Amino acid sequence: MSEIHDCVIVGAGPAGLAAALYASRDRYKTLVLEKFMPGGQINNTDRIENYPGIEQIDGPGLIQSMQKQAENFGAEIKTGYEVENLEKQSDGNIALTCNGEKLITKVVILTPGSDYRKIGIPREDKFRGSGVSYCGTCDAPFFRGKHVVSIGGGNTAVEETLHLAKFAEKVTMIHRRDEFRASKVLVEELLAKANEPDSNLEIKYNTVATEILGDKKVESVQLKNVKDETEENYPCDGVFVFVGMVPNTDFLKGFVELSEQGFIKCECAYLRTNVPGVFAAGDCRVGAAMQLATASGDGVVAAMMMKQYLRDPKWWNESVSDLLQPGGW
């Protein structure tokens, strides 16, 4: 008979490692499965300054510390393990097929993360971390006094562009259409900012970026007007891409409920999915804030909710409103 784990965590990013720390520290038999290497996209971050309690650290350094801390309490972390299938068994346990091996666990915490959607132009990958960014909240302070270009037209693009304008000397927003798909209130705020006297925010409509140029860092971006097809080489110090996120959840189709965009549907309060014993945490879930600190917090919540489920499986069927009543927890 296969060894039964208390908890298998799928993904060793900040959410997964935080969950592993809490689960293993509570003496639950915890296994973390990671397809590539621990950390995920945070490994591409050279400087983190907004993680509470740590003034500055690089992504790999933080992940190494989180991994060591979880392992010190007994968590087992396996890399190069790709989960191919998950199945709820008749006995209530969950079977995972991974590298041709079948694993059995009482609880699964899904933390596969997500990745930034790219625009797919030359040198976008080359300059990631050297002028190309996908997170204004994370990187705007590094562009004080600089000229940056932002790309996108949705809510996140508008919000992040307004945030960039608080730091950069000039922000040029590139949008492929002549109107924004973002919510009306955000667009009104954006246009008000752009129309201020001596505003540092400019909007270029009907425009796309076709190439990022530079030697060792971003120096300019090639722009093309989609209506008249005119082109210009536009000098800048950085390019921020805000065109959405892609969750790493293809392997979960048919197992848990996903949104149209592929994010895992779960309760925001307790992170329960539609499958008993399966939680979701971090950037893979609907409504995630897409920040390092919140992903770690999600992992903590999922591990604590796991304890509640293992103590009393009937808890899974309790509604959030009932649990929030006095004496309901």
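# Exercises on strands, rings and a buried aspartate

Strand β13 (residues 220-225) runs antiparallel to β14, and five bridges join the two. The model you have in front of you is predicted, so treat these exercises as a guided walk through computed geometry.

## Exercise 1: Build the sheet around β13

Task: work out the strand order of the open sheet that holds β13, and find which strands lie at its edges.

Solution.

Step 1. Begin with the pairing of β13 and β14, where Ser220 has Pro235 of β14 as its bridge partner.

Step 2. Now add the remaining strand. The open sheet has three strands in the order β12-β13-β14, with antiparallel pairing.

Step 3. Look for strands that pair on one side only: these are β12 (207-213) and β14 (231-235), the edge strands.

Step 4. Finish with the twist, which averages 30° from one strand to the next.

## Exercise 2: Find the partners of β6

Task: list strands that pair with β6 (residues 101-110), give the sense of each pairing, and say how many of the ten residues of β6 are buried.

Solution.

Step 1. Take β5 (residues 94-98), which pairs with β6 in the antiparallel sense over five bridges. Here Cys98 stands opposite Glu101. The two strands form a hairpin with two residues between them, and Asn99 in the turn has a positive phi of about 55°.

Step 2. Turn to β1 (residues 4-10): its pairing with β6 is parallel and spans six bridges. Val10 has Leu110 of β6 as its bridge partner.

Step 3. Add β17 (residues 278-280), also parallel to β6, over three bridges. Leu110 appears again in this pairing, with Ala280 of β17 as its bridge partner.

Step 4. Check the burial of β6: the strand is mostly covered, with seven of its ten residues buried.

## Exercise 3: Describe the surroundings of Asp298

Task: decide whether Asp298 is buried or exposed, and identify what its side chain reaches.

Solution.

Step 1. Locate Asp298 in helix α6 (residues 292-311).

Step 2. Compare its relative accessible area with the cut-off: Asp298 has 9%, and buried means under 20%. Asp298 is therefore buried.

Step 3. Follow the side chain of Asp298 to the backbone nitrogen of Gly282, at 2.9 Å.

Step 4. Set aside neighbours within four places in sequence, and Asp298 is in contact with Leu271, Ala281, Gly282 and Arg285.

## Exercise 4: Classify the ring pairs

Task: classify the pairs Phe143–Phe240 and Phe240–Phe242, then find a ring cluster with a charge over it.

Solution.

Step 1. There are nine aromatic pairs in the count. In one of them, Phe143 and Phe240 lie 5.2 Å apart centre to centre with 70° between the planes, and the pair is edge-to-face.

Step 2. Place these two rings in the chain. Phe143 is in the loop between α3 (136-139) and β9 (147-151), while Phe240 is in strand β15 (residues 238-241), 97 residues apart.

Step 3. Move on to Phe240 and Phe242: their ring centres are 5.9 Å apart and their planes are at 35°, so this pair is tilted.

Step 4. Check burial. Phe143 is buried at 13% relative accessible area, Phe240 is buried at 0%, and Phe242 counts as buried at 5%.

Step 5. Find the cluster: ring pairs link Tyr270, Phe279, Tyr309, Trp315 and Trp316. The charged end of Arg272 sits over the ring of Trp315, 4.7 Å from its centre. That charged end also sits over the ring of Trp316, 6.0 Å from its centre.

How values were computed. Residues numbered from 1 in each chain as written. Predicted model: local features only at pLDDT ≥ 70, side-chain atom pairs only at ≥ 80, totals over all residues. Heavy atoms only, no water. Pairing = 2+ DSSP bridges. Helix = DSSP H or I, 4+ residues; strand = E, 2+ residues; numbered from the N terminus. Axes fitted to C-alpha atoms, helices over the stretch in contact; angles between N-to-C directions. Buried < 20%, exposed > 50% of the residue type's maximum accessible area, 1.4 Å probe, protein only. Polar contact = N/O pair within 3.5 Å; in protein donor to acceptor, adjacent residues only side chain to side chain. Contact = heavy atoms within 4.5 Å. Phe/Tyr/Trp six-rings, centres within 6.5 Å; stacked < 30°, edge-to-face > 60°. Lys NZ or Arg CZ within 6 Å of the ring centre and 35° of its normal.
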